[in-house]
Number of protein chains: 2
Amino acid sequence: MNTREGVPLIDRISKKERHQLLLKIIGQNPFVTDRELTRELKVSIQTIRLDRMELGIPELRERMKQMAEHSYDQVRSLSLDEVVGEIVDLQLDKSGISIFEIREEHVFTRNSIARGHYVFAQANSLAVAVINDEIALTASADIRFLRQVHLNEKCIAKAYVRSMAGQKGKAKVEVFTYVGDEMVFQGNFVIYRSTLEDNSEGGVQDADRH
Amino acid sequence: MNTREGVPLIDRISKKERHQLLLKIIGQNPFVTDRELTRELKVSIQTIRLDRMELGIPELRERMKQMAEHSYDQVRSLSLDEVVGEIVDLQLDKSGISIFEIREEHVFTRNSIARGHYVFAQANSLAVAVINDEIALTASADIRFLRQVHLNEKCIAKAYVRSMAGQKGKAKVEVFTYVGDEMVFQGNFVIYRSTLEDNSEGGVQDADRH
DNA sequence: TACTACCTTAGTACCAGGTTCTAAGAGAAA
DNA sequence: TTTCTCTTAGAACCTGGTACTAAGGTAGTA
């Protein structure tokens, strides 16, 4: 044990401890190089590399690549997220259907139950989308969460336009969300609509909606 | 101009065109190497590198690093996002305040008005957070969007626990959201709570909540 | 026609941050 | 003493570049 004179075990830590420390350091800062790690852990660069191998930690560049790819995927899926849920059927001013699968990022980590606002967001997005109007905004809503929705469940929301209130600027939309044939959510939305209200801005109500 | 025999200007494009193409290709796939680009653009690797220099496009590794750093920041801010909005005051089972700033990603691109479900999400998160319970889930809600919220506006949500319904498993929470001193949203939430319901699982109601 | 400017290509040296492999020493256990 | 694990060292090699020098083609112009 460290045959030197008075110095007994100064900062000599076990392999296991070093591995824990290594995981922690890389966890906190994934952009650290092996050379920087030698300074923090006081071992040679070869040891660092053996450690990474044992722990299955890829090299810095690979770590960055994975993060970059991950973020690229995320950005792409977020930009698709104009609407929460995928609209699979849409009859403007009549009805619409959207599908939304509950993933990790939508649930409480404690119990894997979906956060209410994601279920709401799907219904809200669909209620807005189904209104054939340039500007459609939620005015109010009356909602019920009928049963908990869990990780990996697929929510199918169906929206029906119930009343156009004589073009008076508001539409009522009813949304039912199902998992399988169980209803998990029900909401009555009142949606503001812009067109044909007071000033007819002419011809925009057929603008491209997808 | 291409002194060879019959072949006139076959896929000989101008520098400008090549630059446009280069930008497009890297835009579509930031993970492309210079070597791969030589195959797509039919020029030498030196030309590719001169082009990148002129256009100020960094090398592959630098591009990946930037994306990774960007996503790292995002992930960190997202993981704070257990709750939509930042909770600045919390008196469990009594009241809470959260702040949420409307950014680009929260608005309709057309008119920069916040999507309703973000405003709802802030209120819903706060309503759930204010309940001092292991498991708290939204059962139903009655909400009003009182005025549109625009890009860069700061929403301040205040939640008040109105009734504990005699520990019967439900709590009523009222949430008011303001921009400045204007009320923009109001919601009445009914929140399921787990503890002290039918089976007393003992001592968990003081579990760490932050 | 020659001169000049620009574009393109080739090649070399060098770099960071590694992998892979061989080898050897130190300390502890059998 | 031998054996084993842990640690360190060093060399060869890899990818995806940068930085720099040099040379050839092409085009326009005097």
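**Contacts with DNA strand D and the nonpolar cores**

In this predicted model, a base nitrogen of DNA strand D sits 3.1 Å from a polar side-chain atom of A:Gln46. Two further polar contacts involve the protein backbone and the phosphates. A polar backbone atom of A:Ser44 is 2.9 Å from a phosphate oxygen of DNA strand D, and a polar backbone atom of B:Asp34 is 3.0 Å from a phosphate oxygen of the strand.

Stepping back to the wider surroundings, DNA strand D is surrounded by 18 residues, of which A:Arg18, A:Thr47, B:Arg52, B:Leu60 and B:Arg61 are the closest. Of the strand's atoms that come within 4 Å of the protein, 71% belong to sugar and phosphate. The surface near DNA strand D is made up of eight charged, five polar and five nonpolar residues. Both chains take part: at least two residues of this surface come from each of helix 1 (15–28) and helix 3 (45–55) of chain A, and from each of helix 3 (45–55) and helix 4 (60–79) of chain B.

Turning to the protein interior, the largest nonpolar core contains 68 residues. Within this core, A:Val173, A:Phe189, B:Val173 and B:Phe189 have the most contacts. For B:Phe189, the partners beyond four places in sequence include B:Phe120, B:Ala123, B:Ala127, B:Ile143, B:Val173 and B:Val175, along with B:Asn124, B:Thr138, B:Ser140 and B:Lys172. Another core, of nine residues, lies apart from the largest one and includes A:Leu22, A:Val32, A:Leu41 and A:Ile57. In soluble globular proteins, nonpolar side chains tend to be buried together.

Methods: Residues are numbered from 1 along each chain as its sequence is written. Chains are lettered from A and ligands numbered from 1 in the order in which they are written. This is a predicted model: local features need pLDDT of at least 70, side-chain atom pairs count only at pLDDT 80 or more; totals for chains, interfaces and linings use all residues. Side-chain values use heavy atoms; hydrogens and water are left out. A residue is near a molecule or strand if one of its heavy atoms lies within 4 Å of it. A polar contact is a pair of N or O atoms within 3.5 Å; within protein, one must be able to donate a hydrogen and the other to accept it, and residues adjacent in sequence count only if both atoms are side-chain atoms. Helices (H or I, at least four residues) and strands (E, at least two) are DSSP runs, numbered from the N terminus. Ala, Val, Leu, Ile, Met, Phe, Trp, Tyr, Cys and Pro count as nonpolar, Asp, Glu, Lys and Arg as charged, and the others, Gly among them, as polar. A nonpolar core is a set of buried Ala, Val, Leu, Ile, Met, Phe, Trp, Tyr and Cys residues joined through side-chain atoms within 4.5 Å. Buried means under 20% relative accessible area, exposed over 50%, partly exposed in between (1.4 Å probe, protein chains only). Contact means heavy atoms within 4.5 Å.
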